[in-house]
Amino acid sequence: MNSTFVFVNLFAFICLLLAFRRDREKTRRALVMALRSFLRILPMVIATIILIGLILGFVSKERISEVIGEQAGIKGVLIVASLGAILHIPSIISFPLAASLLRGGASVTSVAVFITTLTMIGIVTLPVEIKELGRKFAILRNSLSFIIAILIGLIMGRIL
Amino acid sequence: MREKKRPDLVFLGIISGLAIILLLTFPEKQERVIAASWEFFIEMVLILPAVMILMGLFSVFVPKELVVKYLGKESGVKGVFIAIIMGSLPTGPLYIAFPIASALLKKGARVLNVIAFLSAWSCIKLPQEMVELEFLGLNFMLARLALTVIFVIFMGLALEKMVGRWELEYYKS
């Protein structure tokens with residue numbers, strides 16, 4: 001996975017260089033914003049790192065795969081889909097968490113469903129969505145997202 | 001920010017407390033827990049600063065106004081793809097996108113495009129995709145992106161049919 005890290009950092013560096021040449025003041029503001037959001041997300045990042053250690057250290061592969069692995073079947077998929085819909089965590093954190101579950105014995109399907117419902121569905125933000133977009137629109141969007149998340153997960157489980 | 005509650009700090013406190021109790025009770029697990037945490041910590045350290053800088057740059061250089069300006073102009077296939085790109089560029093949580101989506105609907109944008117925009121905003125953010133690439137790999141990332149785009153278009157078309165005229169009156173009032 002080392003090449004990814006090189007690519008991402010290089011990409012960020014080039015963007016930063018281009019931005020700096022284009023507008024110094026704006027770039028400075030962007031960096032301040034980056035530092036602020038980094039500090040804001042830091043407690044969650046540390047908590048996630050600890051949580052990952054606890055999961056991989058204490059929960060056996062058999063147990064994880066029993067609940068959200070290949071054997072768990074559609075019930076496991078529904079559990080992760082609902083968890084993803086209810087939880088309100090930034091996607092930046094959801095990816096390492098998902099990766100640790102995958103390594104711990106979860107199926108590709110569960111992990112893909114989890115990421116998709118987590119990002120697309122927000123039970124917590126539903127009131128705001130209803131207020132802005134109307135009840136029918138909001139409820140339909142969230143329910144349809146739930147269904148397509150499961151379909152996306154099932155297909156990914158097949159092809160990966 | 002005294003008045004604001006910080007649930008994340010509470011969560012960190014609980015997790016840390018739990019970790020300390022568990023590790024003291026089961027010292028034989030310490031090595032495995034610390035090794036796993038350490039490995040993910042290194043990966044995060046290598047990638048998070050770059051992702052944060054990208055998010056900062058995107059939010060300064062791609063303002064919301066620009067997104068609204070470019071959206072809703074084009075229709076058809078081109079409109080959907082512009083909506084997806086416009087949704088994946090700016091940064092911020094999903095609830096920031098709802099007022100934008102509402103403004104777009106009021107301006108008469110297609111429901112399909114608004115759904116594409118909202119879905120892209122929620123799960124195809126470019127800086128976030130860097131994190132997905134790092135932790136889940138290229139195949140996983142590309143498969144999820146491609147499938148998401150395909151299904152979101154179907155979902156947009158279905159929702160457009162279901163919402164219909166009745167609901168569209170809502171935005172005009």
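**Why the terms apply: two helical chains**

Modeller: E129(B), E132(B) and R144(B) are linked in a network of salt bridges. A salt bridge here is a side-chain nitrogen of Lys or Arg within 4 Å of a carboxyl oxygen of Asp or Glu. This is a predicted model, in which local features need pLDDT of at least 70 and side-chain atom pairs count only at pLDDT 80 or more, while totals for chains, interfaces and linings use all residues; side-chain values use heavy atoms, with hydrogens and water left out. Residues are numbered from 1 along each chain as its sequence is written, and chains are lettered from A and ligands numbered from 1 in the order in which they are written.

Colleague: How many salt bridges does the rule give over all chains?

Modeller: The count is eight.

Colleague: What makes R28(A) and E25(A) a salt bridge?

Modeller: Their closest N and O atoms are 3.4 Å apart, so the pair meets the cut-off. Both residues lie in helix α2 (residues 24-58) of chain A, three residues apart, about one turn of the helix. Helices are DSSP runs of H or I with at least four residues, strands are runs of E with at least two, and both are numbered from the N terminus.

Colleague: Is R28(A) called buried, exposed or partly exposed, and why?

Modeller: Buried means under 20% relative accessible area, exposed over 50%, and partly exposed in between (1.4 Å probe, protein chains only). R28(A) has 49%, so it is partly exposed. E25(A), at 43%, is partly exposed too.

Colleague: Which salt bridge crosses between the chains?

Modeller: The pair runs from E39(B) in helix α2 of chain B to R103(A) in helix α5 (residues 91-104) of chain A. The N to O distance is 3.1 Å, and the count between chain B and chain A is one. E39(B) counts as partly exposed because its relative accessibility is 38%, and R103(A), with 38%, is partly exposed as well.

Colleague: Why is D8(B) called buried?

Modeller: Its relative accessibility is 12%, so D8(B) falls in the buried class. D8(B) forms a salt bridge with R6(B), the closest N and O atoms being 2.9 Å apart. R6(B) has a relative accessible area of 35% and is therefore partly exposed.

Colleague: Why is Q128(B), in helix α7 of chain B, also called buried?

Modeller: Q128(B) has a relative accessible area of 10%, so the term applies. Leaving aside neighbours within four places in sequence, Q128(B) is in contact (heavy atoms within 4.5 Å) with S91(A), I92(A), F95(A) and M55(B).

Colleague: How many residues does each chain give to the contact, and how much area is buried?

Modeller: Chain B gives 77 residues and chain A gives 75. The two bury about 7000 Å² between them, 81% of it on carbon and sulfur atoms. Buried area is the accessible area (1.4 Å probe) that two parts lose on being put together, summed over both. F40(B), M52(B) and F98(B) supply 9% of the area that chain B buries against chain A, more than any other three residues.

Colleague: What is the fold of chain A made of?

Modeller: Chain A has eight helices and zero strands. Its C-alpha trace spans about 55 × 45 × 30 Å along the principal axes. Of its 160 residues, 51% count as buried.
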